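Please open the structure in your viewer and keep the selection tool at hand. The tour below proceeds stop by stop, saying what to select and what is found there.

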Amino acid sequence: MTDVAANADSTTAPAITAENPTIVSPVTRARRRPRSRRELYIWYLMRITGLALFVLALAHFSILHFIWDPASQNAEFIRDQRWNQFFWRAFDWLLLMMVLFHGFMGVRTVVSDYIHGPTLRAVLMSALFVSGALLFVIGTQVVLTLPTPAG
């Protein structure tokens, strides 16, 4: 039986060590809320972006599949009807940013939980943040620079 599993039934939590970097809650058997301020902000932002993703994705799906006919939606439709208005560009950009943040912070949590070698963890985190920044720039550029109809 592992140290974490042995302490799951007691009220005392195991100490954070190099061998046990993740503390498991004895009540829920899930990760505990982080204690550092930075990690706590990321913990809360993961929940906020998850809720925002639920609302934005449901609205996106409802609008594009129930209000407008999906058979008539092509690149010209998106350019002429949807992204011709600031609101829809902002809506789609916000949805993209929530997906990027939530996804990359989730992968960051997985890397920090399961990659124990400091060098490999640093390389993976660096690659993750570089790819996240690159996707942010590319996504923002697409939303901002898509041409609008001339008329």
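Two residues are said to be in contact when heavy atoms of theirs lie within 4.5 Å. By this criterion, among the contacts between residues at least 6 apart in sequence, 53% join residues at least 24 apart. Please bear in mind throughout that this is a predicted model.

**The whole chain**

Begin by displaying the full chain as a cartoon. The chain has 5 helices and 0 strands, and its elements, read from the N terminus, run α-α-α-α-α. Of the 151 residues in the chain, 26% are buried.

**The loop before helix H2**

Select Pro34, which is found in the loop between helix H1 (3-7) and H2. Setting aside neighbours within four places in sequence, Pro34 is in contact with Glu39, Leu40 and Trp43. Now add Tyr44 to the selection: Pro34 and Tyr44 are 10 residues apart along the chain, and their C-alpha atoms are separated by 9.8 Å.

**The largest nonpolar core**

Which residues make up the largest nonpolar core? Select Leu53, Leu56, Ile63, Trp83, Trp88, Phe91, Leu95, Met98 and Val143, which are 9 residues in all. Helix H2 (37-67) and helix H4 (86-114) each supply at least two residues of this core, and H4 gives the largest share, with 4 residues. As a general background, nonpolar side chains in soluble globular proteins tend to be buried together.

Next, centre the view on Phe91. When neighbours within four places in sequence are left aside, Phe91 is in contact with Leu56, Ala59, His60 and Arg82.

**Asp92 in helix H4**

Move along to Asp92, whose place is in helix H4. Is Asp92 buried or exposed? The relative accessible area of Asp92 is 12%. Residues under 20% count as buried, so Asp92 is buried. Beyond its neighbours within four places in sequence, Asp92 is in contact with His60, Arg82 and Trp83. His60 and Arg82 are also among the contacts of Phe91.

**The aromatic rings**

Show the side chains of the aromatic residues. How many aromatic pairs does the structure hold? There are 6 aromatic pairs. One of them joins Phe61 and Phe66, an edge-to-face pair with 5.8 Å from centre to centre and 90 degrees between the planes. Phe61 is partly exposed, with a relative accessible area of 43%, whereas Phe66 is exposed, at 62%.

Then select Phe87 and Trp88. Why is this pair edge-to-face? The ring centres of Phe87 and Trp88 are 4.9 Å apart and the planes stand at 75 degrees; planes over 60 degrees apart count as edge-to-face, and the pair is therefore assigned to that class. Trp88 has 13% relative accessibility and so counts as buried. Add Phe91 to the selection to see a cluster, in which ring pairs link Phe87, Trp88 and Phe91.

**The second largest pocket**

For the last stop, select Met97, Leu100, Phe101, Phe104, Met105, Leu128, Phe129, Gly132, Ala133 and Phe136, which line the second largest pocket. H4 and helix H5 (118-145) are the elements that give two or more residues to this lining. The space in the second largest pocket is about 150 Å³. Which classes of residue are found in the lining of the second largest pocket? Colouring by class should show 9 nonpolar, 1 polar and no charged residues.

Technical notes
Residues numbered from 1 in each chain as written. Predicted model: local features only at pLDDT ≥ 70, side-chain atom pairs only at ≥ 80, totals over all residues. Heavy atoms only, no water. Core = buried A, V, L, I, M, F, W, Y, C linked by side-chain atoms within 4.5 Å. Buried < 20%, exposed > 50% of the residue type's maximum accessible area, 1.4 Å probe, protein only. 1 Å grid on protein atoms, 1.4 Å probe; cavity = no way out; pocket = protein on both sides within 12 Å on 5 of 7 lines; lining within 4 Å. Points joined across faces, edges and corners; volume = space filled by probe spheres on them. Nonpolar A, V, L, I, M, F, W, Y, C, P; charged D, E, K, R; others polar. Phe/Tyr/Trp six-rings, centres within 6.5 Å; stacked < 30°, edge-to-face > 60°.
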